[in-house]
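Subject: the two-chain model

Hi,

Here is the structure I promised to pass on. Have a look at it first, and my notes follow underneath.

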Amino acid sequence: MGMTLAEVSAKIMLFATLRKKYGVKDLTVKCDGTLFDLIEKASKILGEHFFDDVYDKNQGKVRENIIFMINGRNIKDLEGKIKIKNNDVIAIFPPIAGG
Amino acid sequence: MGKILRADLSAGTLKVERTSEDVAKKYLGGKGYAVYLLYQYLKEYESKGIPPAEIDPLGLENVLIFATGPGTGVPGFPASGRYHVMALRSPLTGSIGSANSGGEWGPFLKFSGFDIVIIEGASDKPVYIAIVDGEAELRDASALWGKNVFDTARILKKKVGGKNTSVACIGPAGENMAYMACIMNDEHRAAGRTGLGAVMGSKKLKAIVVSGSEKVPVAEPDKFKEISKRCLDAMRKNAVTGEGLPTYGTAILINIINTAGGLPYKNWQTGVNPNAEKISGETLAETYLMGRRACWGCTIGCGRVTSVKSGPFQILASEGPEYESVWALGSSTAVKDLDAVVKANHYCDELGLDPISMGSTIAAAMELNERGYIPKEDLQGLDLKFGNAAALVESVWRTAYKAGFGKYLALGSKRLCEIYGHPELSMSVKGLEMPAYDPRAIKGIGLNYATANRGGCHVTGYTVSPEILGIPEKIDPIKPEGKAKWVKIFQDFTCVVNSTVNCLFTTFALSIKDYAELLSAVTGWNLTEDDILKIGERIYNLERVIINKYGFDGKDDTLPKRLIEEEMPEGPAKGQVVELEEMKEEYYKLRGWINGKPSPEKLKELDIEL
């Protein structure tokens, strides 16, 4: 048996057009703590389009124009390998702006 | 070249002059041209023995300038339905007066045959200026004095008639010289900041009506057509200007800024609003939105048409509220009832008030009151507590009419907090209330607030774009390092946009290079990216020279103590304060400024003649 990662539970919040498209404000997802698994588990609930909307398979990372925040910090600003912890709040925004 | 209308309201005369190509080559148009003209006034006053620091913002010497630029009203020039207004001094701040507005008035001024309108002196009785097909007239406005913005616009539009007619006017707030009164155009559009409506009121100028069908010249039409097509395509395909802003408008920022821990709540006591969702752009779209209203020639169309369908704050039809208005009226005041926020915003439009300064001043009054600093007899029963929706709405109309406690609110938060002995509770810079981003969570915007010439302003250098939205690239909002260079380039480039004059939102999709090409084709001058950034830097520095003459320097490039000394109590920026001195030192170095003043070498390098 290979090593298994401990299961964690995180809350995903959707905003703007993503909320409109999937008709969901927030959902709780159980995953192995990796971003890939989190998004994959969420797309099991929301539908497979969700995965492609958020994740760029070719690049192997969250899509460039998606604003992906863990506990209020953009993953682009986090150093080291991203690990989702129990009770983390994940906020996902499509490209938005204002002023 | 274009035409300038110079109105001397004291003498009751109107003069027509030509714009200068030499000045335009150095300062472009719009804001830049206005800054140049304001500086000439200061020089003239100084030669007559009137020191700039003694100019009364509501006195005869103050000058008001409405200005368009080479891009304004050009069909195909991206989002070019705007104009810029400036005054020598703002009554709210004592610094330079500066504001910008969309709608139709800017392009229609050009269609009326003029590029710039200068207002000098003051009239004895209420007047308005009608500019129709190249002819300008000063007319009696006695019958309009006291009327609100919507009625004034409706009456004057009908009276003047004609094609492409638009009204810029003041409401009761401007007439009564509330210090945060704004100039309104096309009903719901505002040249909002620095109290320019009060300046108009002090001159007894109720409105400027423009109308006409003159074509706006383009120097190289074929080249322009090609560049315009490319830029407009880019804007339509861009996720922000093509989808995000059209679908949700600006209020969509409420949730993301709150998530980042930077949405000021309860007069900036924290950056996390527990009720943000209730006043968010998503909620606004689901519950209040009836449609969109775009400015002239705009492909984005971020303006919201809204209504409150029932209840005590019912409104048949309104526009907005924008992100800034929702925040100031709803988050800084802790009012979670979006009905009331929409209503308060509607009153700001109807009576002619800047919602940012209005909401922030109410929030400051709420904190003063909750801490027991305002005597009961001053409030006359106005229950200024955080979260009180009715008190919010009542405070807005009281301010416009200076009724009861409104006479204190009408002074703005700086004077209000000084009167009650707690100046530290005014969340303002140089007297201008700061907008909707807490710099403890977004450091670059703090440096921009501190160094913005007009005071606490976000659109002088909107570093929220890279810091939070990741445009044009993502940088970490809570790190102070490297922010100075972003602030400088955003401030300089924004001067170019405000002198073009078109909409800042284009910059989410268009680059400095796109601007250089668009401006080259319209003017026929061969402008590079470096050229236009130098123009922007020149404008920013001359504006700085002007405010230096009023006594503003490095000591005023600062932030409220709360942001420098009080740690953010919660959220992702918990424990953070703004490392202002560190960022400012780097910024001054990049700018070539000493203690907030451009060095002689810098002025020489920028070819600024004093």
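Let me start with an odd spot: Trp268(B) sits in the loop that joins H9 and helix H10 (281–287) of chain B. Although not a glycine, Trp268(B) has a positive phi of about 70°. Trp268(B) also counts as buried, because 23 C-beta neighbours fall inside 10 Å and the cut-off for burial is 20 or more. Bear in mind throughout that this is a predicted model.

A second residue of this kind is Leu28(B), with a positive phi of about 65° even though it is not a glycine. You'll find Leu28(B) in the loop between H1 and H2 of chain B. Leu28(B) is buried, as 29 other C-beta atoms lie within 10 Å.

While you're checking the backbone, there are two cis peptide bonds to look at. One runs from Gly320(B) to Pro321(B), with omega near -5°. Pro321(B) belongs to the loop between strand E15 (315–319) and helix H11 (323–331) of chain B. The other is the bond from Ile471(B) to Pro472(B), cis with omega near 0°, and Pro472(B) lies in the loop between helix H19 (464–469) and H20 of chain B. As background, most residues other than glycine have a negative phi, and most peptide bonds are trans.

Now the layout of chain B. It is divided into domain 1 (3–211), domain 2 (251–431) and domain 3, which comes in two pieces (439–508 + 528–605). The centres of domain 1 and domain 3 of chain B, taken over C-alpha atoms, are 27 Å apart. Where they meet, 38 residues of domain 1 of chain B are in contact with 25 residues of domain 3 of chain B. On the domain 1 side, helix H1 (21–27), helix H2 (30–47), strand E4 (83–87) and strand E5 (97–101) of chain B supply at least two residues each. H2(B) has the largest share of that side, with nine residues. By class, the domain 1 side that touches domain 3 of chain B has 16 nonpolar, 17 polar and five charged residues.

H2(B) also turns up in a helix pair worth displaying. Its axis comes within 4 Å of the axis of helix H20 (residues 483–500) of chain B, and the two cross at roughly 95°. That falls in the range of 65 to 115 degrees, so H2(B) and H20(B) are roughly perpendicular to each other. From H2(B), Gly30(B), Lys31(B), Gly32(B) and Tyr33(B) meet Cys495(B), Asn498(B), Ser499(B) and Thr500(B) in H20(B). The residues of this contact divide into two nonpolar, five polar and one charged.

Another pair is helix H21 (residues 512–523) and helix H22 (residues 529–549) of chain B, which pack at an angle of about 90° with their axes 8 Å apart. H21(B) and H22(B) are therefore roughly perpendicular to each other as well. H21(B) brings Ile512(B), Lys513(B), Tyr515(B), Ala516(B) and Leu519(B) to the contact, while H22(B) brings Glu529(B), Asp531(B), Ile532(B) and Leu533(B). This contact has six nonpolar, no polar and three charged residues.

Near the C-terminal end of the numbering, Lys589(B) is in helix H24 (residues 580–591) of chain B. Lys589(B) is exposed, with 11 other C-beta atoms within 10 Å. The C-alpha atoms of Lys589(B) and Val335(B) are separated by 42 Å, and the two residues are 254 apart along the chain.

On to chain A. Its secondary structure comes to three helices and seven strands, in the order β-α-β-α-α-β-β-β-β-β from the N terminus. The radius of gyration of chain A is 13 Å, close to the 13 Å that the globule rule gives for 99 residues, so chain A is as compact as a globular protein of that length. Along its principal axes, the C-alpha trace of chain A spans about 50 × 30 × 30 Å. Buried residues make up 32% of the 99 residues in chain A.

Last, the interface: 30 residues of chain B are in contact with 21 residues of chain A. Helix H8 (239–248) and helix H9 (253–259) of chain B are the elements that give two or more residues to the chain B side. H8(B) gives the most, with seven residues. That side has 17 nonpolar, nine polar and four charged residues.

Cheers

Terms used: Residues are numbered from 1 along each chain as its sequence is written. Chains are lettered from A and ligands numbered from 1 in the order in which they are written. This is a predicted model: local features need pLDDT of at least 70, side-chain atom pairs count only at pLDDT 80 or more; totals for chains, interfaces and linings use all residues. Two residues are in contact if their C-beta atoms, placed from the backbone, lie within 7 Å. Ala, Val, Leu, Ile, Met, Phe, Trp, Tyr, Cys and Pro count as nonpolar, Asp, Glu, Lys and Arg as charged, and the others, Gly among them, as polar. Axes are lines fitted to C-alpha atoms, for helices over the stretch in contact, and angles run from 0 to 180 degrees between N-to-C directions. Angles under 35 degrees count as roughly parallel, over 145 as roughly antiparallel, 65 to 115 as roughly perpendicular and the rest as oblique. Domain bounds come from an automatic or database domain assignment. The radius of gyration is taken over C-alpha atoms; the globule rule is 2.2 Å times the number of residues to the power 0.38. A residue is buried if 20 or more other C-beta atoms lie within 10 Å of its own, exposed if 12 or fewer, and partly exposed in between; C-beta atoms are placed from the backbone.
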